[in-house]
Amino acid sequence: MSLFYVVAFLSIIFALLVIFTKNPVHSVLYLIATFFTFTIHYIILNAQFLAVVNFIVYMGAIMVLFLFVLMLMNLNKDTEPMKSTLLKVVGAIAGGCLLVTLVGSMKTLSSASTTAMDNTGIGLVENLGKVLFSDFLLPFELSSILLLAAMVGAVLLAKRDNKTA
């Protein structure tokens, strides 16, 4: 249980560093560390499939893409626009709403009781595959057709036209 608290503390620290870091490249690197701590949480909760998907998809693909985009944007202090006072007030109100939500959830969490799960196979890849290919076969196949159509569309859009070249 102490490992859970250490990883939760690290998740909160890295998430705060994402928000308060001035350099956007450092912010993305802290976001990658935050996603890594989420992967550790998934492993602790016996959800290996979610851990692997989180590690590959978020840390391996999306965050690296964010990092490359930020590096190519060439962000300088000269190009950053000044923030208006209205935007700062809206941000303070949104932060206050988040704080009220966190305090309310902590009060609810302290009064809730914990229960032990009977089925230890929840979250395993084998059980997920059995359910996915038996109960949810049609939605799985429809989503694969949708992804195939999206890939074909992306290739056709990216293909150069010989007449204009």
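Begin with the whole protein chain, which has six helices and zero strands. The model is a predicted one. Followed from the N terminus, the elements read α-α-α-α-α-α. With all 165 residues of the protein chain displayed, 12% of them count as buried. A surface representation of the protein chain covers about 13,500 Å² of accessible area, and carbon and sulfur atoms account for 75% of that area. Among contacts in the protein chain with a separation of 6 or more, 55% join residues 24 or more positions apart.

**Annotated spans**

Next, colour the segments named in the record. The unreviewed UniProt entry lists residues 6-21, 28-45, 51-73, 85-104 and 136-158 under "transmembrane region". Select residues 6-21: this span is 94% helix and 0% strand, and its end C-alpha atoms are 22 Å apart. Then select residues 51-73, where the span is 100% helix and 0% strand and the end C-alpha atoms lie 31 Å apart.

**Helix 1 and helix 2**

Centre the view on Ser11, a residue of helix 1, which covers residues 2-20. Is Ser11 buried or exposed? Its relative accessibility is 7%, and Ser11 therefore counts as buried, the limit being under 20%. Show the side chains around Ser11: apart from neighbours within four places in sequence, its contacts are Thr34, Thr37, Phe38 and His41.

Now turn to the aromatic rings, of which the structure holds six pairs. One of these to display is the pair of Phe14 and Tyr30, which is stacked, with 6.3 Å from centre to centre and 25° between the planes. Because Phe14 belongs to helix 1 and Tyr30 to helix 2 (residues 24-44), this pair ties together parts that are 16 residues apart in sequence. Phe14 is partly exposed at 22% relative accessibility. Tyr30 is likewise partly exposed, at 28%.

A further selection is Phe35, Phe38 and Tyr58, which together form one aromatic cluster. Two of its members appear elsewhere on this tour: Phe38 is among the contacts of Ser11, and Tyr58 is part of the nonpolar patch described next.

**The nonpolar patch**

Select Phe36, Phe49, Leu50, Val52, Val53, Phe55, Ile56, Val57, Tyr58, Val125 and Leu128 and show them as a surface. These residues form a nonpolar patch with about 920 Å² of accessible area together. Which helices each supply at least two residues of the patch? They are helix 3 (48-73) and helix 5 (125-134). Helix 3 gives the largest share, eight residues.

From the patch, move to Leu128, which is located in helix 5. Leu128 has a relative accessible area of 37% and so counts as partly exposed, a class that lies between 20% and 50%. That value is also over the 30% that a residue needs to belong to a patch.

**The salt bridge in helix 5**

Remain on helix 5 and select Glu126 and Lys130, which lie four residues apart, about one turn of the helix. These two side chains form a salt bridge, with 3.4 Å between the closest N and O atoms. Glu126 and Lys130 are both exposed. How many salt bridges does the count give? The count comes to one.

Methods: Residues are numbered from 1 along each chain as its sequence is written. This is a predicted model: local features need pLDDT of at least 70, side-chain atom pairs count only at pLDDT 80 or more; totals for chains, interfaces and linings use all residues. Side-chain values use heavy atoms; hydrogens and water are left out. Patches are made of residues with over 30% relative accessible area and no salt bridge: like charges are joined within 9 Å, nonpolar side chains (Val, Leu, Ile, Met, Phe, Trp, Tyr) within 5 Å. Accessible areas come from the Shrake-Rupley method with a 1.4 Å probe; for residues, only the protein chains shown count as cover. A salt bridge is a side-chain nitrogen of Lys or Arg within 4 Å of a carboxyl oxygen of Asp or Glu. Buried means under 20% relative accessible area, exposed over 50%, partly exposed in between (1.4 Å probe, protein chains only). UniProt positions are given in the numbering used here, feature names are shortened, and annotations may be inferred rather than shown by experiment. Contact means heavy atoms within 4.5 Å. Rings of Phe, Tyr and Trp (its six-membered ring) pair if their centres lie within 6.5 Å; planes under 30 degrees apart count as stacked, over 60 as edge-to-face and the rest as tilted.
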